[in-house]
Structures are given as structure tokens and as C-alpha cells.
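Trainee: I'd like to learn how to read a structure like this one. Can we go through it together?

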Amino acid sequence: PGAGAVGSAPGASGIGSSRVFGLLLGSGTSRIISLENAVEIKLAKESGNASAAMAFDVPFMKQKIELMKKVFPKLDVVGWY
């Protein structure tokens with residue numbers, strides 16, 4: 001992604017300039033966690049506010065979790081990256 005791409009560092013361009021965020025899916029107890037899968041999370045600015053800070057796209061995140069739960073019903077969100 002080039003400069004201005006969602007998740008990229010301001011003013012950065014080229015390979016290695018974007019940041020990746022996601023959720024870790026798995027199962028476990030309070031002492032042992034099994035990581036099974038991961039899904040990406042998009043960043044977006046608040047609509048109508050050009051100077052707004054980037055924030056997680058919550059509707060996209062909820063949709064990804066719902067889709068994963070249909071395929072892997074026993075997995076839960078156990079972390080993030």
C-alpha cells in the first residue's frame with residue numbers, strides 16, 4: 001500500500017509501510033490458550049470528519065467474527081495483534 005492507505009504510517013510509502021491489525025481466535029482456560037486462526041481488522045476514519053483519528057472499523061470486525069463463528073463455532077476471540 002502506498003501513502004494514505006488505510007493502516008499505513010503517515011507519509012510512508014513502499015513495502016513495509018503498512019501496519020497490520022487482527023484478532024486471534026482460539027479456545028482455552030485461564031492458564032492455557034490454544035490459537036487456531038486469525039482475522040484482519042480494518043481501520044477507518046469517522047465519516048464526515050477529515051481530521052479524525054483512525055479507529056477500528058467495528059461493523060467490519062463484527063462481521064468477520066460472525067463469519068468465523070459460522071465456520072468455527074467453538075472458537076472465541078482470545079487476543080489481538
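Trainee: How many aromatic pairs does the count come to?

Mentor: Keep in mind that this is a predicted model. The count comes to one aromatic pair. Its partners are Phe 21 and Phe 56, arranged edge-to-face, with 75 degrees between the planes and 5.8 Å centre to centre.

Trainee: Which parts of the chain does the pair tie together?

Mentor: Look at where each ring sits. Phe 21 is in the segment before S1 and Phe 56 is in strand S4, so the pair links parts that are 35 residues apart in sequence.

Trainee: Is Phe 21 buried or exposed?

Mentor: Buried means under 20% relative accessible area. Phe 21 has 21%, so it counts as partly exposed. Phe 56, at 39%, counts as partly exposed too.

Trainee: Okay, what about the nonpolar core? Which residues make up the largest one?

Mentor: The general idea first: in soluble globular proteins, nonpolar side chains tend to be buried together. Here the largest nonpolar core has seven residues: Leu 23, Leu 25, Val 39, Ile 41, Met 61, Met 68 and Leu 75. Strand S1 and helix H1 each supply at least two of these core residues. Try clicking on Leu 23: setting aside neighbours within four places in sequence, its contacts include Val 39, Ile 41, Met 61 and Trp 80.

Trainee: And how do the helix and strands follow one another along the sequence?

Mentor: The protein chain has one helix and five strands, and reading along the sequence gives the pattern β-β-β-β-α-β.

Trainee: Where does the charged end of Lys 42 sit?

Mentor: Over the ring of Phe 60, 4.6 Å from the ring's centre.

Definitions and conventions. Residues numbered from 1 in each chain as written. Predicted model: local features only at pLDDT ≥ 70, side-chain atom pairs only at ≥ 80, totals over all residues. Heavy atoms only, no water. Core = buried A, V, L, I, M, F, W, Y, C linked by side-chain atoms within 4.5 Å. Buried < 20%, exposed > 50% of the residue type's maximum accessible area, 1.4 Å probe, protein only. Helix = DSSP H or I, 4+ residues; strand = E, 2+ residues; numbered from the N terminus. Contact = heavy atoms within 4.5 Å. Phe/Tyr/Trp six-rings, centres within 6.5 Å; stacked < 30°, edge-to-face > 60°. Lys NZ or Arg CZ within 6 Å of the ring centre and 35° of its normal.
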